[in-house]
Amino acid sequence: MGADDPPSPARKREREEEPADGDASEKRPRADESEGASLLGLANYTDEEEEGGAANTGHANGGPREEEVEDGGNEEEDEEEDGEEEDDERRAPERRPRQIELRRDCPYLDTVNRQVLDFDFEKFCSISLSNLNVYACLVCGKYYQGRGLKSHAYTHSLEAGHHVFINLQTEKVYCLPDGYEINDPSLEDIRHVLNPRFAREQVLNLDKNKQWSRALDGSNYLPGMVGLNNIKETDFVNVTIQSLMRITPLRNFFLIPENYQHSKSPLVHRFGELTRKVWHARNFKGQVSPHEFLQAVMKASEKRFQIGVQSDPVEFMSWLLNTLHAKLRSSKKKNRSIIYDCFQGELEVVKEMHRKHIVGDEQNGDAVSQVETSDGMVTETSRVPFLMLGLDLPPPPLFKDAMEKNIIPQVPLFNILKKFDGEAVTEVVRPSIARMRYRVIRLPKYMILHMRRFTKNNFFVEKNPTLVNFPVKNLELKDYIPLPKPKGNEKLRSKYDLIANIVHDGKPGEGCYRVFVQRKSEEAWYEMQDLHVTETLPQMVALSEAYMQIYEQHE
């Protein structure tokens with residue numbers, strides 16, 4: 001064969017099979033290197049191939065091969081390399097990762113145990129603690145990483161004899177160690193529990209559904225009225241979530257992930273997942289654990305709110321609404337979000353203070369006017385948006401009655417709402433001494449009121465036990481506070497119905513929180529405290545020490 005003739009495939013095979021150790025060991029790395037270049041990112045190389053690649057580097061750096069010296073023909077060597085590359089290109093498709101077999105007839109499907117499956121906790125491998133490529137064993141419910149030959153899931157399938165695994169991200173089910181994918185319609189219910197889905201028609205009809213759902217243990221539960229697990233002193237989070245689940249536009253927004261897919265915040269996506277699990281009608285159990293949501297809260301709040309430390313639901317509600325708004329607003333409408341659409345109203349604040357007490361820009365609203373009188377008093381009027389209104393309770397009596405018991409005073413809600421009539425004066429000392437007057441100039445669709453029960457002094461926190469008398473239905477605001485006249489043909493909407501009432505029981509700094517919520521489909525009231533959900537009478541709602549309330553505006 002001449003130097004110009006390309007080597008035949010038969011001759012190449014002979015050369016590859018030559019017993020000379022030097023030739024064979026040096027020929028393979030060259031082929032492996034070209035294959036690695038053509039399949040970069042597609043195939044995982046074994047240790048032998050990596051070692052071969054390292055050996056090949058020596059040749060690439062200019063070291064002559066024994067075969068080149070023996071043949072002595074540079075042209076033949078170049079053409080041989082070209083032939084190898086062409087041959088490698090022809091063989092490349094055969095070296096790609098093989099297609100995973102798809103089967104319907106898996107013999108291990110009867111080993112799937114739905115009783116032990118719980119997808120509420122963080123998706124981390126139970127051995128490596130990695131959240132990448134995690135699979136759940138459908139036999140014992142534990143999480144393992146990967147499904148390759150040396151992965152934890154593969155090892156578990158051999159050691160424990162558990163063969164059915166589901167990928168927690170792609171929702172595909174595999175049989176290990178065989179490695180084939182299982183396509184069986186009987187696994188659809190597991191996929192729905194892992195990632196609940198709602199069609200838009202379902203979302204619109206949720207409030208009309210009166211049907212109970214059945215859990216695997218035979219207990220009945222109402223979708224949307226499920227208990228939340230108290231992981232450790234997280235009842236302040238549970239009552240806040242249960243209250244927000246009654247806000248129809250907010251719930252409908254978070255039930256469909258496409259509405260907030262533009263947001264990259266884990267908090268937003270965890271809140272959406274929790275909303276879908278609470279309202280899902282095909283759960284395996286009648287309660288939900290907000291573990292993933294709590295982890296996202298701890299990270300987003302920089303441990304201001306954390307598991308094991310009791311916090312105030314008013315502070316948590318305020319932080320959560322503002323954070324969700326900041327993460328949801330898009331570039332087009334910078335100050336609009338579903339949070340502001342539901343809860344934002346507007347106040348007119350009139351602030352009177354002495355000239356010497358003015359400290360820079362104290363108001364976070366838009367200053368409308370500033371008037372100075374002859375006696376040195378400055379009156380400043382501004383418009384301030386709000387998400388919730390704080391109501392001041394009258395101080396409790398200091399002395400006991402003849403029965404040696406403190407009288408628990410009662411006050412109508414309308415009396416403490418007079419703070420916002422534009423005439424009642426509230427004196428403040430921070431950031432400077434001033435007299436404030438508030439007037440509501442725009443009402444929100446959902447109004448959040450919170451009663452300031454806790455006062456903190458230099459020594460301890462005191463709780464005001466005053467009972468607030470409030471109507472459960474038809475709270476008419478225009479009879480008690482002046483409201484702006486509607487524009488044009490708009491109707492004045494000043495009538496509200498109570499939909500959630502958060503209550504604190506026990507001593508300040510201790511105690512626990514529970515919430516009364518209304519189910520719209522039957523207009524029935526339920527008392528919810530962590531995992532306990534019981535139906536109650538509307539009259540019982542009004543007898544509690546209300547701490548935070550959410551009212552819905554009449555259409």
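How many nonpolar, polar and charged residues are in the lining of the largest cavity? In this predicted model, that lining has 7 nonpolar, 4 polar and 5 charged residues.

**Cavities**

The structure holds 6 cavities of 30 Å³ or more. The largest cavity encloses about 150 Å³ of space and is lined by 16 residues. Asp 207, Arg 251, Trp 279, Arg 519 and Lys 520 are the lining residues that lie nearest its centre. Two elements, α10 (248–255) and β24 (512–519), give two or more residues to this lining.

Helix α10 is mostly covered, with 7 of its 8 residues buried. These buried residues are Thr 248, Leu 250, Arg 251, Asn 252, Phe 253, Phe 254 and Leu 255. Arg 251 is thus one of the buried residues of α10 and also one of the residues nearest the centre of the largest cavity.

The second largest cavity has a volume of about 100 Å³. Its lining consists of Leu 117, Phe 119, Asp 120, Val 193, Lys 277, Asn 283, Phe 284, Lys 285, Gln 287 and Val 288. By class, these residues divide into 5 nonpolar, 2 polar and 3 charged.

**The largest pocket and helix α13**

The largest pocket has a volume of about 1600 Å³. Its lining is made up of 46 residues, and Val 314, Gly 390, Lys 419, His 450 and Arg 452 lie nearest its centre. The lining divides into 21 nonpolar, 13 polar and 12 charged residues. At least two lining residues come from each of α13, β11 (345–354), β13 (377–386), β14 (389–392), β16 (426–428), β17 (434–442), β18 (446–452) and β19 (454–456). The largest share, 4 residues, is supplied by α13.

Helix α13 covers residues 313–328. Its 16 residues should span 22 Å at 1.5 Å a residue, and the end C-alpha atoms are 22 Å apart, so the expected and computed spans agree. At the start of the helix, a side-chain oxygen of Asp 312 comes to within 2.9 Å of the backbone nitrogen of Val 314. Val 314 is among the lining residues nearest the centre of the largest pocket, and it also counts among the buried residues of α13. The other buried residues of the helix are Pro 313, Phe 316, Met 317, Trp 319, Leu 320, Leu 321, Thr 323, Leu 324, His 325 and Leu 328.

**Cysteines**

The structure holds 0 disulfides. Cys 175 is in no disulfide, and the nearest cysteine sulfur, that of Cys 106, is 4.1 Å away. A disulfide would need the two sulfur atoms within 2.5 Å, so a cut-off of that kind excludes a pair 4.1 Å apart. Cys 175 has a relative accessibility of 0% and therefore counts as buried.

**Accessibility of selected residues**

The cut-offs for this table are under 20% for buried and over 50% for exposed, with partly exposed in between.

| Residue | Relative accessibility | Class |
|---|---|---|
| Glu 122 | 26% | partly exposed |
| Cys 125 | 1% | buried |
| Leu 129 | 63% | exposed |
| Ser 213 | 8% | buried |
| Asp 530 | 18% | buried |

Glu 122 lies in the loop between β1 (102–103) and β2 (134–137). The C-alpha atoms of Glu 122 and Gln 295 are separated by 8.5 Å, although the two residues are 173 residues apart along the chain. Ser 213 belongs to strand β7 (residues 213–214). A polar atom of the Ser 213 side chain lies 3.0 Å from the backbone oxygen of Ala 281.

**Backbone geometry**

Most residues other than glycine have a negative phi, and most peptide bonds are trans. Which non-glycine residue in the loop between β1 and β2 departs from this? There, Leu 129 has a positive phi of about 60°. With a relative accessible area of 63%, Leu 129 is exposed.Asp 530 likewise is not a glycine and has a positive phi, of about 55°. Asp 530 is found in the loop between β25 (524–529) and β26 (532–536). At 18% relative accessibility, Asp 530 falls under the 20% cut-off and so counts as buried.

The peptide bond from Leu 176 to Pro 177 is cis, with omega near 10°. Pro 177 is located in the loop between β5 (173–175) and β6 (180–182).

Key. Residues are numbered from 1 along each chain as its sequence is written. This is a predicted model: local features need pLDDT of at least 70, side-chain atom pairs count only at pLDDT 80 or more; totals for chains, interfaces and linings use all residues. Side-chain values use heavy atoms; hydrogens and water are left out. The expected span of a helix is 1.5 Å times one less than its number of residues. Buried means under 20% relative accessible area, exposed over 50%, partly exposed in between (1.4 Å probe, protein chains only). A polar contact is a pair of N or O atoms within 3.5 Å; within protein, one must be able to donate a hydrogen and the other to accept it, and residues adjacent in sequence count only if both atoms are side-chain atoms. On a 1 Å grid over the protein atoms alone, a cavity is a set of points where a 1.4 Å probe fits but cannot get out, and a pocket is an open set with protein on both sides within 12 Å along at least five of seven lines; lining residues have an atom within 4 Å of a point. Grid points are joined across faces, edges and corners, and a volume is the space filled by probe spheres set on the points. Ala, Val, Leu, Ile, Met, Phe, Trp, Tyr, Cys and Pro count as nonpolar, Asp, Glu, Lys and Arg as charged, and the others, Gly among them, as polar.
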